[in-house]
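Could you walk me through this structure, step by step? I am new to it and would like to ask some questions.

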Amino acid sequence: MSAVRLLVGTKKGGFVLTSANRQKWSIDGPHFGGWEIFHMTGSPADPNRLYASQASDWFGQVMQRSDDGGKTWATVSNAFDYQGEVGTHQWYDGSQKPWEFKKVWHLEPSLDDPDTVYAGVEDAALFKTTDGGHSWHELPGLREHGSGPDWLPGAGGMCLHTILMDPQRSDRITIAISAAGVFRSEDAGKTWTPSNKGLFSEHNPNPTAEVGHCVHRLAQHPSQPDVLFMQKHWDVMRSDDAGATWHEISGNLPSDFGFPIAVHAHEPETVYVVPIKSDSEHYPPDGKLRVYRSREGGNEWQALTRGLPQEHCYVNVLRDAMAVDQADPCGVYFGTTGGQVYGSNDEGDSWQAIAPHLPAVLSVEVQMLA
Amino acid sequence: MINVMLPVPLRRLAGIDEAAVALEVEAPITQRRVLDALEDRYPMLIGTTRDRSSKRRRAYVRFFACGEDFSDADPDDALPTAVANGDEPYLIVGALSGG
């Protein structure tokens with residue numbers, strides 16, 4: 001089996017976890033100790049090319065890049081300048097506020113070029129580099145879609161947190177913003193269409209509005225990219241037409257609130273979520289940390305509990321903090337706000353705490369190494 | 001030479017071992033010129049003490065010198081002679097925020 005490398009971003013630094021057998025793990029870090037590592041990820045085209053979003057309320061946004069799998073790092077450009085008319089979006093109180101860059105939430109490397117990376121930022125916009133991070137330019141068609149005044153921040157800020165590249169149609173990009181919703185581009189990011197039909201959000205004056213939905217995370221399987229799964233603020237949703245329409249698949253979940261959602265590496269209808277009690281109670285129902293798995297593409301969910309704390313557990317699992325590996329059987333990993341990273345080497349049937357005492361986990365990514 | 005003291009996170013980011021860095025800055029010695037010189041020497045610090053474009057001080061960063069708070073001073077005002085002479089450092093401080 002190939003070795004597995006986990007890239008874990010936390011509130012106080014980045015950690016690199018490696019294992020040859022997915023049973024014993026070594027932990028390297030913290031990298032950038034004391035800084036928030038919002039997201040750390042690797043290029044599918046070159047696993048040694050890593051990118052990290054390093055942020056601080058004090059010192060702002062720093063971007064890091066490694067060319068040797070995380071042994072050494074160097075800063076790259078942190079210039080994320082909106083293009084053209086900046087415009088305004090809705091603030092919490094309903095007033096309008098100008099767009100202002102705050103931080104990079106998510107990095108999505110190109111499937112085939114290690115120098116090309118998309119960045120989802122707060123206030124919500126999509127940026128791209130084609131020179132390995134030395135310069136970033138906005139794809140302004142998204143922010144200038146025209147619905148911007150109706151976008152509003154979720155509790156964590158108005159962030160663009162999900163970027164899905166379609167492996168079968170190179171010009172299709174699907175993104176999600178909290179709280180605007182899903183947008184899809186069929187022309188490599190020049191123009192965008194809201195893709196929120198079927199979503200229902202009670203926090204909106206019009207719960208079925210075209211935009212304004214607090215989408216927490218999207219996931220897709222590369223073999224059927226027209227099927228999208230969504231963890232929304234409330235509701236777990238599914239689209240079978242690339243986001244044109246959505247229907248609910250929450251089924252028998254104990255709560256349909258949550259943040260991450262992931263798809264099994266080899267079974268496109270096997271989906272994972274971590275139910276959280278409510279939007280004001282960001283911890284698992286009944287104090288039991290349970291991953292739920294559906295092998296039917298939703299609606300019928302099975303609790304996965306072996307190895308996870310089943311009493312007095314009040315951690316959260318954030319939207320970018322769950323990942324699956326490509327091994328067989330598929331591995332599943334997630335990190336908690338309590339600083340635990342749990343891993344399963346059997347598709348979620350059982351779990352072990354592979355890093356039990358890290359700072360609060362913000363993101364988890366996984367790489368297979370040759 | 002102007003001695004600039006940096007907070008630990010920025011020293012680590014810039015790979016600076018010492019608490020202070022000595023910078024050659026052309027007179028008149030102002031905050032803007034000191035910060036420009038710092039960013040010229042250490043480009044990884046661009047954007048960490050002030051906004052990249054507007055040059056507005058970041059909200060949680062403070063600037064002190066000779067026992068005075070220069071955080072909200074005009075960046076083009078001259079700094080004290082003791083700073084310009086290198087007798088006193090120019091301090092970049094992360095604001096106290098936490099428990």
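The questions and answers below go through sheets, cores, the chain contact and some backbone details.

Student: Before we start, what kind of model is this?

Tutor: Glad you asked! Residues are numbered from 1 along each chain as its sequence is written, and chains are lettered from A and ligands numbered from 1 in the order in which they are written. Local features need pLDDT of at least 70, side-chain atom pairs count only at pLDDT 80 or more, and totals for chains, interfaces and linings use all residues, as this is a predicted model.

Student: Which strands stand at the edges of the open sheet with β1 and β2 of chain A?

Tutor: Strands are DSSP runs of E with at least two residues, helices are runs of H or I with at least four, and both are numbered from the N terminus. Two strands pair if DSSP finds at least two bridges between them. Four strands of chain A form this open sheet, antiparallel and in the order β3-β2-β1-β30. Each edge strand has a single partner, so one side of it lacks a neighbour in the sheet; the edge strands are β3 (26-31) and β30 (361-369) of chain A.

Student: Which residue in β30(A) stands opposite A:Leu6?

Tutor: Start with strand β1 (residues 3-10) of chain A, which pairs with β30(A) in the antiparallel sense over eight bridges. Opposite A:Leu6 in β30(A) stands A:Val366.

Student: How many residues does the largest nonpolar core have?

Tutor: A nonpolar core is a set of buried Ala, Val, Leu, Ile, Met, Phe, Trp, Tyr and Cys residues joined through C-beta atoms within 7 Å. Buried means that 20 or more other C-beta atoms lie within 10 Å of a residue's own, exposed means 12 or fewer, and partly exposed lies in between, with C-beta atoms placed from the backbone. A:Val8, A:Tyr333, A:Val341 and A:Val364 have the most contacts inside the largest core, and its residues number 101.

Student: How many residues are in the other core, the one with A:Phe59?

Tutor: That core lies apart from the largest one. Among its members are A:Phe59, B:Leu23, B:Leu45 and B:Val83, and its size is 26 residues.

Student: How many residues of strand β5 of chain A are buried?

Tutor: Look at both faces: A:Leu50, A:Ala52, A:Gln54 and A:Ser56 are buried on one side, and A:Tyr51, A:Ser53 and A:Ala55 on the other. The strand (residues 50-56) is therefore largely enclosed by the rest of the structure, its buried residues being seven of the seven.

Student: Which strand forms a hairpin with β5(A)?

Tutor: Strand β4 (residues 36-42) of chain A is joined to β5(A) by six bridges and runs antiparallel to it. Seven bridges join β5(A) to strand β6 (residues 60-66) of chain A, also antiparallel. With three residues between the two strands, the hairpin partner of β5(A) is β6(A).

Student: Which helix gives the most to the side of chain B that touches chain A?

Tutor: Two residues are in contact if their C-beta atoms, placed from the backbone, lie within 7 Å. The contact takes 13 residues from chain B and 13 residues from chain A. With three residues, the helix that gives the most on the chain B side is α1 (residues 8-14) of chain B.

Student: Is A:Phe32 buried or exposed?

Tutor: A:Phe32 lies in the loop between β3 and β4 of chain A. Its phi is near 60°, a positive value in a residue other than glycine. Because 24 other C-beta atoms lie within 10 Å, A:Phe32 is buried.
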